[in-house]
Amino acid sequence: MGKRTVIAGLDFYVPPKVVTNLDLQKMMNTSDEWIRERTGIIERHWAEPGVGTSDLACQAALKAIEKAGLDKNEIDFIIAATLSPDHYFPGIGLMVQAKLGLKDIGALDIRDQCSGFLYALSVADQYIRTGTYKKILLVAAELQSANLDFSDEGRDMSVLFGDGGAALILEADDSGDGRGLLGCYLFSDGRFVNELWMEKPSSRDNPTFQPEFFRQGKFFPRMNGRAVFKNACEKMPQAVLYGLNQLGLTVADIDYLIPHQANDRISQMVGRSLKLSEEKVIRNIQRYGNTTAASIPIALAEAVQSGLIKKGQLLALTAFGSGFTWGSAFIRW
Ligand code: UT7
């Protein structure tokens with residue numbers, strides 16, 4: 001069977017401050033009823049000023065390292081997935097390296113938004129299976145609450161997002177017991193760049209930062225919610241079916257589907273379109289909102305910790321988001 005990538009440690013961290021729909025109702029023109037009905041979200045966590053995305057990643061990483069029972073000096077590579085880095089450049093992977101006091105190992109940032117975790121997992125898998133690196137720290141973290149538009153123009157997005165991070169320690173396993181990552185399948189279609197994006201800052205503008213861009217709200221994330229919704233409902237099931245086909249498996253083999261937590265209605269529709277019963281679709285958006293790259297590993301960590309996921313079960317992960325990018329991954333737990 002050869003080497004497989006396995007998860008030796010996994011955990012997540014969300015900042016302590018909980019923001020409910022009722023809190024949002026006081027800040028902007030929205031309602032608890034609208035948010036629950038259209039998204040399924042009840043509350044989310046927001047970081048305090050002074051906390052950066054790399055801090056959320058570090059908190060999760062410390063817990064994952066402990067879960068793996070690892071000496072941090074054994075980590076030989078870092079992969080970080082985020083669309084909300086502490087700085088425009090450099091990325092957060094190297095900030096995690098410094099903050100955790102790791103050796104001068106390589107740190108790679110992945111920019112594939114809601115699909116970032118799947119892209120990161122896929123890259124880690126190549127390094128692990130080829131033996132290039134032995135213990136990879138993968139972090140996926142987002143801090144979106146610091147840049148949301150609470151006006152009517154931005155309210156479709158500002159009610160969705162939450163902050164949080166997750167971390168995994170990945171290593172090789174050649175025991176042949178069938179456990180581990182079975183495959184990752186990645187897709188993109190860049191024709192849809194401006195359906196879900198943060199338009200500015202842009203290198204096409206000279207100078208990049210212009211006062212009118214602030215006045216026009218161009219530094220806020222924007223999306224065409226309906227187009228994103230429709231494509232997410234189509235592409236995630238397609239990616240799952242594609243991966244199952246590549247692996248010679250069927251939907252009946254899936255024990256749990258962990259979709260990117262974009263909107264609870266999307267997750268339910270993806271489950272339905274795959275003809276999976278409701279209890280097989282893991283959903284925690286109610287309590288965390290959409291944490292973009294962190295959403296799948298947070299849901300995975302929570303489901304493992306609660307005892308829902310058991311050894312030998314087949315997990316199908318799927319994501320869709322800005323780009324558009326989408327994909328699937330399959331793990332035998
Ligand atoms: O991670 C991937 C990124 N994002 C997603 O996957 C999100 C995908 N899209 C969605 O989840 C949904 O499109 C939304 C939840 C964002 C919006 O739901 P919708 O059912 O598509 O609503 P809509 O955009 O068609 O808006 C319906 C109405 C509009 O009012 P009018 O024009 O009918 O009077 C909006 O202005 O709801 C209004 N609206 C709101 N009302 C209260 C939009 N946002 C809000 C809000 N509170 N937060």
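**The ligand shell and its surroundings**

A polar side-chain atom of His260 lies 2.8 Å from an oxygen atom of the ligand, a polar contact in the sense of a pair of N or O atoms within 3.5 Å (within protein, one must be able to donate a hydrogen and the other to accept it, and residues adjacent in sequence count only if both atoms are side-chain atoms). The protein covers 76% of the 950 Å² of accessible area that the ligand has on its own, with areas taken from the Shrake-Rupley method with a 1.4 Å probe and, for residues, only the protein chains shown counted as cover. The model is predicted: local features need pLDDT of at least 70 and side-chain atom pairs count only at pLDDT 80 or more, whereas totals for chains, interfaces and linings use all residues. Residues are numbered from 1 along each chain as its sequence is written, and side-chain values use heavy atoms, with hydrogens and water left out.

Two further side chains make polar contacts with the ligand. Thr30 places a polar side-chain atom 2.6 Å from a ligand nitrogen atom, and Arg155 places one 3.0 Å from a ligand oxygen atom. In total, 21 residues surround the ligand, the closest being Thr30, Arg38, Arg226, Asn263 and Asn290; a residue is near the ligand if one of its heavy atoms lies within 4 Å of it. By character, the shell consists of ten nonpolar, six polar and five charged residues. Here Ala, Val, Leu, Ile, Met, Phe, Trp, Tyr, Cys and Pro count as nonpolar, Asp, Glu, Lys and Arg as charged, and the others, Gly among them, as polar.

Where does the shell around the ligand come from in the fold? Domain 1 (4–173) and domain 2 (180–332) each contribute at least three residues to the shell, the domain bounds being those of an automatic or database domain assignment. At least two shell residues come from each of helix 2 (32–39), helix 6 (155–158), helix 8 (225–247) and helix 9 (264–273). Helix 8 supplies the largest share, four residues. Helices (H or I, at least four residues) and strands (E, at least two) are DSSP runs, numbered from the N terminus.

Away from the ligand, helix 11 (residues 295–305) is mostly covered, with nine of its eleven residues buried. Buried means under 20% relative accessible area, exposed over 50%, and partly exposed in between, for a 1.4 Å probe and protein chains only. The buried residues of helix 11 include Ile296, Leu300 and Glu302. After helix 11 comes Gly307, with a positive phi near 85 degrees.

Two serines in loops illustrate side chains that contact the backbone. Ser84 sits in the loop between strand 4 (77–81) and helix 4 (93–99) and is buried, at 10% relative accessible area. A polar atom of the Ser84 side chain lies 2.9 Å from the backbone nitrogen of Leu143. Ser202 belongs to the loop between strand 9 (196–198) and helix 7 (211–215) and is likewise buried, at 13% relative accessibility. Its side chain has a polar atom 3.0 Å from the backbone nitrogen of Arg204.

The loop that holds Ser202 also contains Pro201, which is joined to Lys200 by a cis peptide bond with omega of about 5 degrees. A second cis peptide bond runs from Gly323 to Phe324, with omega near -5 degrees; Phe324 lies in the loop between strand 12 (314–321) and strand 13 (325–332). Most residues other than glycine have a negative phi, and most peptide bonds are trans.

Positive phi values also occur outside glycine. Gln113, in the loop between strand 5 and helix 5 (116–129), has a phi near 50 degrees and is buried at 13% relative accessibility. Lys275, in the loop between helix 9 and helix 10 (285–288), has a positive phi of about 60 degrees and is exposed, with a relative accessible area of 75%.

Finally, the cysteines can be considered. Why does a search of the whole structure find zero disulfides? A disulfide is a pair of cysteine sulfur atoms within 2.5 Å. For Cys184, the closest cysteine sulfur, in Cys114, is 17 Å away, too far for a bond. For Cys233, the closest cysteine sulfur is also that of Cys114, at 14 Å, and this too is too far for a bond. Both Cys184, at 18% relative accessibility, and Cys233, at 14%, count as buried.
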